[in-house]
Structures are given as C-alpha cells and as structure tokens.
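Dear colleague,

I am passing on the structure we spoke about, with the sequence alongside, and my notes follow below it. Please read them with the model open.

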Amino acid sequence: MSDSLQKSFGLVIAYVLPGFIVVAGLSWHWPALATWLRAEPTLAPTMGEFLYVVMASLGAGLIASAIRWALIDALHHATGLPAPRIDFSRLPERLEAFNLAVEHYYRYYQ
C-alpha cells in the first residue's frame, strides 16, 4: 500500500465513517438523502449519488468532530480535566520518532 493511501485511510476512519452514520440517520427525516442511499435492486446506483454520499458524509463527519471539540472537550475542561500542554517547537528535531509512534499506535488496524 502506498504511503499516501495509508495516511488517507485514517481520514476515512476519522471523518467519513462517522459522517456516514450521521447521513444515514438524517435520511430518515430528509427524503433527498434517502434517495441517495436507496438500495433498490432494480435501480443501478449512479456515480453522482456515490459522490454526493461521500461528500455529505465527509461534511457531516467534520461537523460532528467540530461539535465534539466544542462541547465534549469544553465539558471535560470545565469538570477539571486539564488540556494537554504540547510544545510543538521541538517537533522538527523529533519528527521521525513522532511519525514512528503514530504508525505503531494509530495504524494497527492496517
């Protein structure tokens, strides 16, 4: 697997899959989304519907992540859980070790 494909797979896990769950939930209340997600065997899916679902899922995933950041993280900080203090000024000299830690910790599913 190429390096860029490995890194972009993490974006699918982080944003597109949770966003698809949001889109699937909204399709119960929004008929346009329901037509994009239809599963009728007589009608072939179109490329446009696929792209609409992927883009809507990406957008919904980004929005869900922003809401989580604004509400859940703020709630954690209000209850006394401190925010981590990260000093990025020393990252360039330790970038290789950081990338290795990310590879071993977050990409185990591949």
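**Notes on helices H1 and H3**

Phe-9 is found in helix H1. Please keep in mind throughout that this is a predicted model. With a relative accessible area of 33%, Phe-9 is partly exposed, since that value falls between the 20% under which a residue counts as buried and the 50% over which it counts as exposed. Phe-9 also contributes to a nonpolar surface patch of about 300 Å², which it makes together with Val-12, Ile-13 and Leu-17.

Another member of that patch, Ile-13, is likewise found in helix H1, which covers residues 3–26. Its relative accessible area is 38%, and Ile-13 is therefore classed as partly exposed. Although 48 residues separate Ile-13 from Gly-61 in the sequence, their C-alpha atoms are 9.9 Å apart in space, and Gly-61 is one of the buried residues of H3.

That brings me to helix H3, which comprises 32 residues, 47–78. At 1.5 Å a residue it should span 46 Å, and because its end C-alpha atoms are in fact 46 Å apart in the model, the expected and computed values agree. That agreement should be read together with a kink of about 30° in H3, which is centred on Arg-68. After the helix comes Gly-80, whose phi is positive, near 105°.

Which residues of H3 are buried? They are Glu-49, Val-53, Ser-57, Ala-60 and Gly-61. For Ser-57, which lies in helix H3, the relative accessible area is 1%, so this residue counts as buried, the cut-off being under 20%. A polar atom of the Ser-57 side chain lies 2.7 Å from the backbone oxygen of Val-53, and Val-53, too, is on the list of buried residues of H3.

Val-54, which is also found in helix H3, is by contrast partly exposed, with a relative accessibility of 30%. Val-54 and Gly-19 are 35 residues apart in sequence, while the distance between them in space, taken from C-alpha to C-alpha, is 8.8 Å.

When you go through the model, I would suggest looking at the two C-alpha pairs side by side, namely Ile-13 with Gly-61 and Val-54 with Gly-19, and then turning to the kink centred on Arg-68.

With best wishes

How values were computed:
Residues are numbered from 1 along each chain as its sequence is written. This is a predicted model: local features need pLDDT of at least 70, side-chain atom pairs count only at pLDDT 80 or more; totals for chains, interfaces and linings use all residues. Side-chain values use heavy atoms; hydrogens and water are left out. Helices (H or I, at least four residues) and strands (E, at least two) are DSSP runs, numbered from the N terminus. The expected span of a helix is 1.5 Å times one less than its number of residues. The bend at a residue is the angle between axes fitted to the seven residues ending there and the seven starting there. Buried means under 20% relative accessible area, exposed over 50%, partly exposed in between (1.4 Å probe, protein chains only). Patches are made of residues with over 30% relative accessible area and no salt bridge: like charges are joined within 9 Å, nonpolar side chains (Val, Leu, Ile, Met, Phe, Trp, Tyr) within 5 Å. Accessible areas come from the Shrake-Rupley method with a 1.4 Å probe; for residues, only the protein chains shown count as cover. A salt bridge is a side-chain nitrogen of Lys or Arg within 4 Å of a carboxyl oxygen of Asp or Glu. A polar contact is a pair of N or O atoms within 3.5 Å; within protein, one must be able to donate a hydrogen and the other to accept it, and residues adjacent in sequence count only if both atoms are side-chain atoms.
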